[in-house]
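Trainee: Could we go through this model together, with the reason behind each term as we meet it?

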Amino acid sequence: MNVLDLQHLKKHYATHKAVDDISFSIPKGSIFGLLGPNGAGKTTLLRMITGIFYPDAGEIFFDGKRFDPTQDIQSIGYMPEERGLYKKMKVGEQVLYLAQLKGLSKKDALDKIDYWFNKFEITSWSNKKIEELSKGMQQKVQFISTIMHHPKLLILDEPFSGLDPINSQLIQDEIFEMAKNGTTIIFSTHRMEQVEEICDHIVLVNKGRKILDGPVKQIKQDFKQHLFRIGLETQPNPAQMATHHFTIIQNHDKAYTVKLNEFSQTNDILSHFIHHGIQVNFFKEILPTINEVFISQVKMTDMAN
Amino acid sequence: MNKIWIIIKREYLTRVKKKSFIVTTLLLPLLFVAMLVVPVLIMSGGDSEKVAVVDESQFFEGKLADEGETHYKFVQANIDTLKNTYTKLGYTGVLHIPKMDINRPPSIIYYSKGQMNIILKSNMEKKVEAAIEDKRMELAGIDKAKLEGIRVNVDIVNLAGKEEKKGSAGLAYGIGYGAGFLIYIILLVFGTVVMRGVMEEKMNRIAEVMISSVKPFQLMMGKIIGIAFVGLTQFLIWIVLIVGLYTLLIMLFGPEATDAAMKSNAMANSGNNAAAEEAVKQMMGVMEGVNWTFIIFCFLFYFLGGYLFYAALFAAVGSLVNEDPNDAQSLTFPVTIPVIFSIFIMIASVRNPNSSLAVWGSMIPFSSPIVMMARIPYGVPGTVPYWQLGLSMALLIAGFIGTTWVAAKIYRTGILLYGKKVTLKEVAKWVVRKN
């Protein structure tokens with residue numbers, strides 16, 4: 001079951017195509033990474049999903065039905081990259097206001113405020129003005145106001161920027177918990193190490209087009225370079241390293257990075273050393289990081305243009 | 001609809017709860033009433049004036065009658081010594097009238113501790129003048145009683161329209177000018193408040209958070225309507241406070257004091273007691289002749305219509321401004337220019353409410369809120385026929401629907417546009433493009 005289905009979405013501005021025929025689906029309960037370099041069209045895409053922009057062409061299906069912005073934005077929580085709060089408003093009032101605009105009754109909203117403020121330990125800030133808070137604190141308030149109405153789809157654009165490690169962890173834990181409880185999360189960021197840590201699906205866009213999408217594990221498999229890291233007990237002499245099964249990419253002391261040649265199997269590497277009587281201490285496949293996939297793919301599409 | 005209401009409530013409450021709002025709302029009426037009352041209190045302040053008169057020609061004795069709290073006492077003394085001792089003798093001042101030739105009155109000097117008040121001055125002058133005039137008439141052989149019999153006081157009464165309503169060009173001028181000017185100030189002040197509010201949302205980067213919950217149009221209208229209520233609240237409080245304070249004063253000091261206040265204002269213009277009294281009487285009469293309900297209704301209509309017409313445009317401008325506050329100035333220019341033009345048209349129209357400039361100015365919605373208010377006090381349907389009023393109102397309603405429509409298109413794009421300076425050409429494109 002997909003929470004969101006995008007079909008051939010297009011959005012053109014006067015000078016360029018911000019989103020040019022993008023389709024993908026987001027399974028319910030997944031943490032979905034939307035990646036792309038600056039100016040790739042991520043924000044435009046997110047704005048269409050949140051009903052801020054209408055697509056020029058294409059269809060959006062939300063929770064199985066055609067997306068109806070006026071109704072469905074009640075079930076979406078969006079924390080844009082350009083975020084902010086009313087500086088002169090008190091924290092409690094501010095969160096209440098945003099919750100009411102998401103369709104919560106005043107009583108419901110106040111109950112939820114109680115719950116979340118307790119959970120995030122910010123009850124004592126309730127009567128402070130936003131401008132009196134530090135940036136990290138404001139970020140916390142912003143996050144709470146985004147999830148107050150318990151959205152089916154939560155969209156977070158760079159949610160960790162400006163947060164210290166402790167608060168980052170707090171929010172990250174909350175994201176996992178919400179996903180476990182069935183909330184689907186779209187997570188847009190440049191920080192690739194976070195993507196690997198958090199996301200189970202990703203889509204990569206560049207210049208308004210989708211370059212690839214799929215589960216993170218699958219993508220790593222698809223883009224693996226057949227590289228292996230092997231640690232040996234003794235330094236082999238060059239003759240012992242000559243083989244048609246692999247090529248040495250790099251070596252440092254007794255550790256080697258090798259690339260498996262075509263038509264050879266992983267075990268061929270191991271049996272090669274065993275055959276030469278060299279003790280293998282460790283052997284590990286090197287999978288590409290999402291960062292490497294990202295860079296290589298973006299470069300490739302840039303070159304193609 | 002519900003969401004707009006929530007937005008209106010926030011926009012209204014955050015502004016009404018501000019200290020600056022409370023202070024200006026409460027202080028202004030106090031200031032207004034104080035301006036009216038303080039001079040009266042000063043004049044009728046019970047401080048009796050005891051004036052020592054040194055009349056070297058012995059001519060004025062018995063001719064300077066006591067008036068109110070002012071008492072004249074003729075003394076035989078050397079002016080140079082009295083000048084220094086009068087306070088000790090219990091006088092508030094010394095009036096020194098040197099020896100004089102009836103045909104060539106000398107300069108008369110009043111010695112006092114502080115500045116002499118203007119009423120005392122004019123009273124004294126009048127008394128001295130009258131005494132000299134009487135003497136001159138006597139010398140010229142003119143009978144005073146006969147002269148009084150010859151004098152007339154002509155008052156032209158203006159009956160306007162078919163019902164021959166008693167009108168006053170002066171009062172119409174005053175009301176028209178005042179109302180037009182007030183609307184001018186309202187448009188600029190509250191327009192700027194709307195613009196600042198939009199700019200705040202854009203700069204705080206809350207705009208995008210907001211419009212992922214509500215439509216841009218709802219956000220814009222919520223703000224405009226909320227601020228309109230702020231303006232109305234302020235007016236209501238002002239009117240209640242001014243009327244309330246005024247009634248309170250009448251109860252405290254009696255109607256004479258308030259009459260005296262008006263008289264003193266009129267006196268400052270005419271410088272003549274009898275004329276002032278006449279003017280006050282006339283003014284009261286004419287004030288009763290004015291259809292206040294109708295004028296207030298029109299005022300509220302043009303206040304709201306004009307506000308809605310311009311507030312949307314100010315909101316659009318606010319949405320275009322980037323970090324640079326100088327942007328705001330150059331972008332507001334196209335919106336403020338018609339308002340400023342309107343005030344010039346209004347000033348011309350209030351003098352000549354039937355000129356074609358006035359008629360056109362009161363039809364076109366860019367200027368009608370200001371200009372029409374200058375014409376209405378001259379009489380409907382006398383000066384402003386019903387069809388003109390109706391057309392002007394209809395055009396204003398159509399106008400603000402139009403500006404709101406245009407502004408909404410600019411606003412929804414502008415509010416999300418950062419770091420880019422927008423040209424008017426681009427803005428025009430946003431307006432014409434579909435969706």
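Trainee: How do you know where the domains of chain A begin and end?

Mentor: The bounds come from an automatic or database domain assignment, which for chain A gives domain 1 (2-215) and domain 2 (225-286). The C-alpha centres of domain 1 and domain 2 of chain A lie 46 Å apart. This is a predicted model, in which local features need pLDDT of at least 70 and side-chain atom pairs count only at pLDDT 80 or more, while totals for chains, interfaces and linings use all residues. Residues are numbered from 1 along each chain as its sequence is written, and chains are lettered from A and ligands numbered from 1 in the order in which they are written.

Trainee: What makes helix 3 of chain A roughly parallel to helix 5 of chain A?

Mentor: The axes of helix 3 (residues 91-101) and helix 5 (residues 135-147) of chain A cross at roughly 30 degrees and come within 9 Å; because angles under 35 degrees count as roughly parallel, helix 3 of chain A is called roughly parallel to helix 5 of chain A.

Trainee: Which residues make the contact between helix 3 and helix 5 of chain A?

Mentor: Helix 3 of chain A gives V91(A), Q94(A), V95(A), L98(A) and A99(A), and helix 5 of chain A gives V141(A), I144(A) and S145(A), where contact requires C-beta atoms, placed from the backbone, within 7 Å.

Trainee: How many residues of chain B are in contact with chain A?

Mentor: On chain B 15 residues are in contact with 19 residues of chain A, and helix 1 of chain B gives the most to that side, with 4 residues.

Key
Contact = placed C-beta atoms within 7 Å. Helix = DSSP H or I, 4+ residues; strand = E, 2+ residues; numbered from the N terminus. Axes fitted to C-alpha atoms, helices over the stretch in contact; angles between N-to-C directions. Parallel < 35°, antiparallel > 145°, perpendicular 65-115°, else oblique.
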